[in-house]
Structures are given as C-alpha cells and as structure tokens.
Amino acid sequence: MTSTPIISIDPALCTGCRRCASVCPVDAIIGYEHEPQSIDTARCVICGQCVQMCSAFLSPFDDIDLDPATIRRTRGVPENDPSPLFAAHFQSHREDVAAMLADPSKTTMVQCAPAVRASIAEEFGLAPGTLTPGQLAAALRRLGFDAVYDTVFAADVTIMEESTELLERVASGGPLPMFTSCCPGWVRSVETTWPDLLPHLSSCKSPQQMAGALFKTYGAQLAGIDAKDIASISIMPCTAKKFEAARPEMNASGERDVDAVLTVTELAAMLKQRGIDLTTLPDETFDVPMGLYSGAGAIFGATGGVTEAALRTAIAVTSGNDVCESGVKFTPAGEGVVRATVEIAGKPIRAVIVSGLAHARPLLEAVRTGTADFDFMEVMCCTGGCVAGGGQPKLLPGLDKADAIARRRASLQRHDKELPVRASHKNPAVVALYENFLEKPLGHRPHTLLHTHYGDDTEGHE
C-alpha cells in the first residue's frame, strides 16, 4: 500500500456545500461554506461517510482545466475507469490487488466481510438488500483468487475470543465496561479522543485481522506453503479497514496479516473491468475450512449483530443451553442507543449498543467519570453498522437511504435464520480450528495471533 491519505477531498472539485461536514461524526471536515473543504487527519476516523455523502463530481460540461486520467491515476484508479470522479474520495488499491493476482509466486487468499454479500448486487442493478453470497464466491473465483474464504468464519472466531474475554473480565472485576473492537473507526476514535479509556477496549483484533493472521499461519500450514508466499486480500464495506490493515502491529505471523483491502465498489469495478457480471454467475460455496460460517457471524454486518452473536455463545457456555437466538430484547435509550440486561453465569450483564459514533459521546463521558451503568458496549461508527460503511455502493441524493440500509440489514438477519448453524461455537470449522491449532480461547496461540493492543498510533492517518 502507498502512503497516500486514504480519505481526501479534491479542492478542484469541491463546491463547499459542506454536506460532508454534516455527516462527519468527529468534526474533521474543515472549511467555509462555498469554499473547498479539507480533512483534519488527526481527528479523522476514516469512516468514509463524507465519501458517501459527496455529490460534487467532475462533469464533462465543467469549465475546469482538469485531466480525468491524471486524477484517476493519483487515486489509484485505472485511467480508463468510467465511474464519476467525486470530490470526496478514498485511495484505491485495485492495481495492488491486480498485481498480486498476476504474480505466479503468490498464493492469493481472499476474505469478504458479511455486509458485502448484502450490497454488491446493487452495483449490478439489483435492489438494495439482494443477498448474493454464492455469486460473490463465484465472482471472486472468476477473478483468479486461489482460495476464496470468508471473514464471517473469522467473525465466529472473534466471538469465541471476545465472549471469553468478557466472561473473564466479569469474573475478575474488569476493566468494565468492555468495549467491542471490531469497528476500526470506533477504535481510532477511542485512540484519538478518549485515550484514557483504552483499557476498556477488547484486546481482540477485528474479524478482518483475525482472518489475515489465520491465513498466514493455519492456512499456510494447511496449504503446505510459507506465509511469505501468501497474498492476503480482503473485501470490505469500510474505508477504515484500509487503515486498520496497514497498522504496524498487525503482523502476527511475521508478515502482514492483510496485504490489501478492496471496498465493495472497488471489487465491483474490477469485476466490470473483466466483463464479469455477478448476477449471471451460479451460486458457489466458499472454500473450506475458513469459508464455513454461522448465522451469528453473518449478522456482524449490521449494528447489534456482534452483541447478539456474543450473547448466544456466552449463554450457551455458562448455562449449557444452546440457543439459536439469545432472546434478549433491547429497548431504545436515546437516539442511536439501545440497552438490555441479561443474566450470564448468575450475574446481571448490562449491555449497550450504539449505532453511529456521534451517539457514543454521553456514554463515554459516563465511563470517564465513573458513572457508567453498563458492562458491555458495542459501537459501530456508521449508523446501521457495516451495511452503511464508507466503501459500500454510493446512495445518491433522491434515494431513500434509510430504506436501503434497512434492506441490507434485513437481508443479513434473514441469512442468519436460513443457515443450518447459528451460533459461533457450533461452527464445525471453528471447533476444528481450536482442536487442531489454537487449543483454547485466550490461550497462548490465540493471544499471539488474534489479540493486540491499541493506542500507539494517535497521529494523523496516512
């Protein structure tokens, strides 16, 4: 990856409408109305909501002396790419991935996040929420990936580690409340704005990084190859995942956990460039073992999914009663916030789910002052969760965005109900992973590969 900023606003194209500023959860957009805007990279959490909102683009009718091919080249996009050039944009890694696919010395292993299967069909003209896991697997295979795995498998592993960590913190007295750490925008916000609360973050890596670490250890062992010969690529709904993958500590095997990240729109562009129409492909399965997943892992892509998945396993482990759904009912507690209390191991656990980073501030102030009345906190930077991420298909003005995001969420929830296994600890591939490689949650090998620490990077993103 390059050192070019991941999120930028082109001053030559920006009209100063400040629509981007209205959706930035951390007030990182700088500028006056009707003048070009810029990004305070020290505050930016790289969520890409400004990219989603931007409606200023280069038109062939504009009286501006700009070369589209040059602009595309600086953004990492092929010069002949036909997509519009918006002012707010993210750096593309399409050419990096194309080079990895063309390198005969590399075995390419790809993962795709749960929210990708609920949105990529929109890039091919289908309605929001059209679910295409089988066609997505087929499309990745047509692009030439050697192993088509799934981040949802790693989401199941995350639950094994994170639910165990929560139970251990409850038993030992903390630090509580424990914060989820799956969302890189949220993690970065804690690092930059709430550094005194870092001990509350779960030490679990996100599913993307767990998958990458497993590709280059467990996957390398299964394939009989060296980690350095694996190119690990992820397909994500999130622009902040590019930042997360580049963090210096994400190299558990001695190699980068994830070598390159493509967003949903980048993957769709690569497919179109190759003449691959996802909607005409047959359903295919993901490769085993790291392509097998449960319904609990699938709902990670929508807000509240991580908590529901963790509760299913925590309830089963502590009570002996396996459940397909936790049965816990959350009640609204302010804009973007819901709460519930559930008894686990004889103790009441008070959980809070936050949808949209801007809604987390009052709760974090309570944690800071020692008045927080909850034990577990899930925060998703983007309202609605990963289905609304900055790397998702752009929902242009005039579309009912809330409806589109609701359809994407609903499709993941339907996917959960349709799968034969709906709890992470029941995923047979995850059971085999622990029996044959990891041994036990929070053990020595999981600690080395799947956990990390946060807080060393508080500088502006690059």
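Select H34 as the starting point: the residue is found in the loop between β2 (29-30) and β3 (38-39). The structure on screen is a predicted model. The phi of H34 is positive, at about 70 degrees, although the residue is not a glycine. The general background is that most residues other than glycine have a negative phi. With a relative accessible area of 65%, H34 is exposed.

Move next to I46, in the loop between β3 and α2 (49-53). I46 is also not a glycine, and its phi is positive, about 65 degrees. Is I46 buried or exposed? At 0% relative accessibility, I46 counts as buried, whereas H34, at 65%, is exposed.

T41 can be selected in the loop between β3 and α2 as well. Its relative accessibility of 28% makes T41 partly exposed. Display the C-alpha atoms of T41 and L85: the two residues are separated by 44 positions in sequence, and the distance between these atoms is 22 Å.

**Helix α6**

Select residues 151-172, which form helix α6. The helix has 22 residues and reaches 31 Å from its first C-alpha to its last, close to the 32 Å expected at 1.5 Å a residue. Of these 22 residues, 17 are buried, so α6 is largely enclosed by the rest of the structure.

Show the side chain of D150 at the start of α6: one of its side-chain oxygens comes to within 3.0 Å of the backbone nitrogen of V152. At the other end, the residue that follows α6 is G173, with a positive phi near 95 degrees.

Continue along the chain to the peptide bond from G174 to P175, which is cis, with omega near 5 degrees. P175 belongs to the loop between α6 and β7 (178-179). As general background, most peptide bonds are trans.

A cis bond can also be inspected between V288 and P289, where omega is about 5 degrees. The place to look for P289 is the loop between α10 and α11 (295-298).

**From α6 to α8**

Return to α6 and add α8 to the selection. In general, two packed helices are described by the angle between their axes and the distance between the axes. For α6 and α8 the angle is about 105 degrees, and the axes are 8 Å apart. The two helices are therefore roughly perpendicular to each other. On the α6 side the contact is made by T151, F153, A154, A155, V157, T158 and E161, and on the α8 side by P207, Q208, M210, A211 and L214.

Now centre the view on Q208, which lies in helix α8 (residues 207-223). Q208 is buried, with a relative accessible area of 1%. Which side chains does the side chain of Q208 meet in polar contacts? One is that of Q209, at 2.9 Å, and another is that of E244, at 3.0 Å.

To see the wider surroundings, display the residues in contact with Q208, leaving aside its neighbours within four places in sequence. These are Q111, T151, S234, M236, K241, E244, A245, V258 and V261. T151 in this group is also one of the α6 residues in the contact with α8.

**The α5 and α10 pair**

Select helix α5 (residues 133-143) together with helix α10 (residues 264-273); they pack at an angle of about 60 degrees, and their axes are 11 Å apart. That angle makes α5 oblique to α10. Their crossing is left-handed.

Add side chains at the place where the two helices meet. From α5 come L136, A139, L140 and L143, and from α10 come L267, M270 and L271. In an α-helix, residues three or four places apart point the same way, because there are 3.6 residues a turn.

**Final stop: S319**

Finish at S319, in helix α12 (residues 305-319). At 39% relative accessibility, S319 counts as partly exposed.

What does the side chain of S319 reach? It reaches the backbone nitrogen of N321, at 3.1 Å. A polar atom of the S319 side chain also lies 2.5 Å from the backbone oxygen of I315. Lastly, add I344 to the selection: S319 and I344 are 25 residues apart in sequence, with a C-alpha to C-alpha distance of 7.8 Å.

Definitions and conventions
Residues numbered from 1 in each chain as written. Predicted model: local features only at pLDDT ≥ 70, side-chain atom pairs only at ≥ 80, totals over all residues. Heavy atoms only, no water. Helix = DSSP H or I, 4+ residues; strand = E, 2+ residues; numbered from the N terminus. Expected span 1.5 Å × (residues − 1). Buried < 20%, exposed > 50% of the residue type's maximum accessible area, 1.4 Å probe, protein only. Polar contact = N/O pair within 3.5 Å; in protein donor to acceptor, adjacent residues only side chain to side chain. Axes fitted to C-alpha atoms, helices over the stretch in contact; angles between N-to-C directions. Parallel < 35°, antiparallel > 145°, perpendicular 65-115°, else oblique. Left-handed = near helix turned anticlockwise from the far one by under 90°. Contact = heavy atoms within 4.5 Å.
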